[in-house]
Amino acid sequence: MSKFISMIIASLFVLLLAISILSAQSPQKSQSQTEWIANSLKEMQKIKVGMTREDMLKVFTTEGGLSTDLNRTYVYRECPYIKVDVEFEPAGSPARDADGRVTLVEANEDVIKNITKPYLAWMVTD
């Protein structure tokens, strides 16, 4: 029984030592990264359904790859690895022709119909 207790105490000591070593490694860098992420998320979360493409382009920019005028992946202006997928409702013109083909050209007045939560992914380039 005393060996078991000794093992538990030794394990706790090693765990606490590991935690203190990890937390001692550049706390300022970790803090600044955490603050940057928090501030970035606050900025990204300002973009909501019902806002316009023009509003969204103040925070995000287009990414390469396949897209349509109604569905596109955008990247955060400060980090191209942070992305959102956005679906738009066209402003002032029908979205599709009689055969179901997308007919419109992107307009700053298009309204956000759906936007995903920000996610991380590698960059896509054309």
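# A guided tour of the chain

Begin by selecting Glu-87 and Lys-113, whose side chains form a salt bridge with the closest N and O atoms 3.6 Å apart; a salt bridge here is a side-chain nitrogen of Lys or Arg within 4 Å of a carboxyl oxygen of Asp or Glu. This pair links distant parts of the chain, since Glu-87 belongs to strand β3 and Lys-113 to strand β4, 26 residues apart. The model you are looking at is predicted, and local features need pLDDT of at least 70, side-chain atom pairs count only at pLDDT 80 or more, and totals for chains, interfaces and linings use all residues. Residues are numbered from 1 along each chain as its sequence is written, and side-chain values use heavy atoms, with hydrogens and water left out.

Keep Lys-113 selected and add Glu-89, which also forms a salt bridge with Lys-113, the closest N and O atoms being 3.8 Å apart. Glu-89 lies in strand β3, 24 residues from Lys-113. Lys-113 is partly exposed at 45% relative accessible area, where buried means under 20%, exposed over 50% and partly exposed in between, with a 1.4 Å probe and protein chains only.

Next, colour the chain by its elements, which are 3 helices and 5 strands in the order α-α-α-β-β-β-β-β from the N terminus. Helices (H or I, at least four residues) and strands (E, at least two) are DSSP runs, numbered from the N terminus.

Now select Glu-106 and Arg-72, another of the 6 salt bridges in the structure, with 2.4 Å from N to O. Glu-106 sits in the loop between β3 and β4, while Arg-72 is in strand β2, 34 residues apart. Which is buried and which is partly exposed, Glu-106 or Arg-72? Glu-106 counts as partly exposed at 30% relative accessibility, whereas Arg-72 counts as buried at 16%.

Move inward to the largest nonpolar core, which has 15 residues, and select Met-56, Phe-60 and Val-86, those with the most contacts inside it. A nonpolar core is a set of buried Ala, Val, Leu, Ile, Met, Phe, Trp, Tyr and Cys residues joined through side-chain atoms within 4.5 Å. Strands β2 (71-76), β3 and β4 (111-115) each supply at least two residues of this core, and β3 gives the largest share, with 5 residues. Centre the view on Met-56, which, leaving aside its neighbours within four places in sequence, is in contact (heavy atoms within 4.5 Å) with Ile-47, Tyr-74, Val-86, Phe-88 and Ile-112.

Turn then to Ser-40 in helix α2 (residues 27-44), which is buried with a relative accessible area of 2%. Apart from its neighbours within four places in sequence, Ser-40 is in contact with Tyr-76 and Glu-78.

For the last stop, select Val-124, found in the segment after β5 (119-120), and then Glu-63. The C-alpha atoms of Val-124 and Glu-63 are separated by 6.7 Å, although the two are 61 residues apart along the chain. Leaving aside neighbours within four places in sequence, the contacts of Val-124 are Glu-63, Gly-64, Gly-65 and Lys-83. Val-124 is partly exposed, with a relative accessible area of 38%.
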